[in-house]
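User: I am new to this structure and would like a close look at one part of it, with its wider setting explained afterwards. Please consider the model shown here.
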Amino acid sequence: MLIRVLGSGAGGGFPQWNCNCDNCRRLRRGEINARPRTQSSIAVSEDGDNWVLFNASPDIRFQLEANPPLQPKRGVRDTGIKAIVLIDAQIDHTTGLLILRESTAPLEIYCTDPVHRDLTSGFPVLAMLGHYCGVNRHPLPIDGTGFQIPGFDDLRFYSHALVSRAPPYSPHRNDPHPGDNVGVIVEQISSGRRLYYAPGLGEIEPHVFEAMQQADCVLVDGTFWTDDEMKQVGSDKKAREIGHLPQSGPGGMIEVLNRLPRETRRILIHINNTNPILDEDSPERRRLTEAGIEVAYDTMEIRL
């Protein structure tokens, strides 16, 4: 199984266009050992030619240009993307669908019922695409039931609901529904190797930790270092309040990942522009390295 990290940043990317936090300011000035990042998305393949895209970020055009295997150039109009799995209905993960409107075939989109409702009501992107390439929508189960995607005979997918809230634009923003956000397991049938992907994790429920324990690689929420990190940009919002478990502190992501089997590959993704781990020379980054935890970057390739 081959995994490509198309985007490793949180909403807004890094540097964020209107942000002058310490990280963004220093990156623009060339004063920090850090990589720019686009908004989070990955792609998975069993053969290196055909890919399942997980989320479609606003940066999708640039991400495809930076990852040539997803544009195999087999014809005048071509793409390696054969299906799209949506983790949630957040703007950062769905706006890129509009960029894909020039597809020569309907987009094969897998999403939960709550996500489908949001994308046909509060942000009707799926209805909009009906006027362009069209959409074939497939329900995404949230009870852990395994399913396969046509054209990917050696891959099996599982998804489960996570504690979360719908996007701010959603009609049920303050009435959470199971399936507003999901974690996904991708299993290669022939080898039994497993990837667990969850870029937004606010709580480690028993079924979440069980999935992490059974994975050979976990690619999970690395948004914030501390719960109150957003105060540096004038916000009182806490990480846990907006659905992200911080890395540091009691019960934080570092503590969770340290409980996994030693051979598990542990990688953080969806890194917010304020997070000090973006500075590869920072003490926070060294702490992750010492714990055997990696930080995803754009164009990173993972083989399982």
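Leaving aside its neighbours within four places in sequence, which residues is Ala 239 in contact with?

Analyst: Ala 239 is in contact with Phe 224, Thr 226, Asp 227, His 244 and Pro 246, when its neighbours within four places in sequence are left aside; contact here means heavy atoms within 4.5 Å. This is a predicted model, in which local features need pLDDT of at least 70 and side-chain atom pairs count only at pLDDT 80 or more, while totals for chains, interfaces and linings use all residues. Residues are numbered from 1 along each chain as its sequence is written, and side-chain values use heavy atoms, with hydrogens and water left out.

Ala 239 is located in the loop between E10 and H7. Such labels denote DSSP runs numbered from the N terminus: helices are runs of H or I with at least four residues, and strands are runs of E with at least two. The relative accessibility of Ala 239 is 2%, so the residue counts as buried. Buried means under 20% relative accessible area, exposed means over 50%, and partly exposed lies in between, with a 1.4 Å probe and protein chains only. In space, the C-alpha atom of Ala 239 is 29 Å from that of Ile 109, and the two residues are 130 apart in sequence.

The elements on either side of this loop, strand E10 (217-221) and helix H7 (253-257), both take part in the packing around helix H6. H6 covers residues 206-213, and its buried residues are Val 208, Phe 209, Ala 211 and Met 212. These four cover an arc of only 160 degrees around the axis, which means that they lie on the same side of H6; the arc is that of the directions from the helix axis to the C-beta atoms. Besides E10 and H7, the buried residues of H6 pack against strand E7 (155-161), strand E8 (182-188) and strand E9 (194-198). In the loop between E9 and H6 is Glu 203, which is partly exposed with a relative accessible area of 41%. Its C-alpha atom and that of Gly 252 are separated by 9.6 Å, with these positions 49 residues apart along the chain.

A further loop, between E7 and E8, holds Gly 179. Gly 179 has a relative accessible area of 0% and is therefore buried. With neighbours within four places in sequence left aside, Gly 179 is in contact with Thr 112, Pro 114, Val 115, Ile 142 and Ala 161. The C-alpha atoms of Gly 179 and Ala 161 are separated by 5.0 Å, although these residues are 18 apart along the chain.

Another buried loop residue is Asn 273, at 3% relative accessibility, in the loop between strand E11 (265-269) and helix H8 (283-290). Not counting residues up to four places away in sequence, Asn 273 touches Gly 13, Phe 14, Gln 16, Cys 19, Cys 21, Asn 23, Cys 24 and Leu 278. Two of these, Asn 23 and Cys 24, are buried residues of helix H1 (residues 22-29), together with Arg 26 and Leu 27. Phe 14 is joined to Pro 15 by a cis peptide bond, with omega about 0 degrees, and Pro 15 is in the loop between strand E1 (2-7) and H1.

Some backbone angles also deserve notice. Most residues other than glycine have a negative phi, and most peptide bonds are trans. Asn 55 is not a glycine, yet has a positive phi of about 75 degrees; Asn 55 belongs to the loop between strand E3 (51-54) and helix H2 (60-66) and is buried at 0% relative accessibility. Thr 299, likewise not a glycine, has a positive phi of about 75 degrees. Thr 299 is in the loop between strand E12 (293-295) and strand E13 (301-303), and counts as partly exposed at 33% relative accessibility.

For the wider setting, the chain contains eight helices and 13 strands. Buried residues make up 53% of its 304 residues. Among contacts between residues at least 6 apart in sequence, 68% join residues at least 24 apart. The C-alpha trace spans about 50 × 40 × 40 Å along its principal axes.
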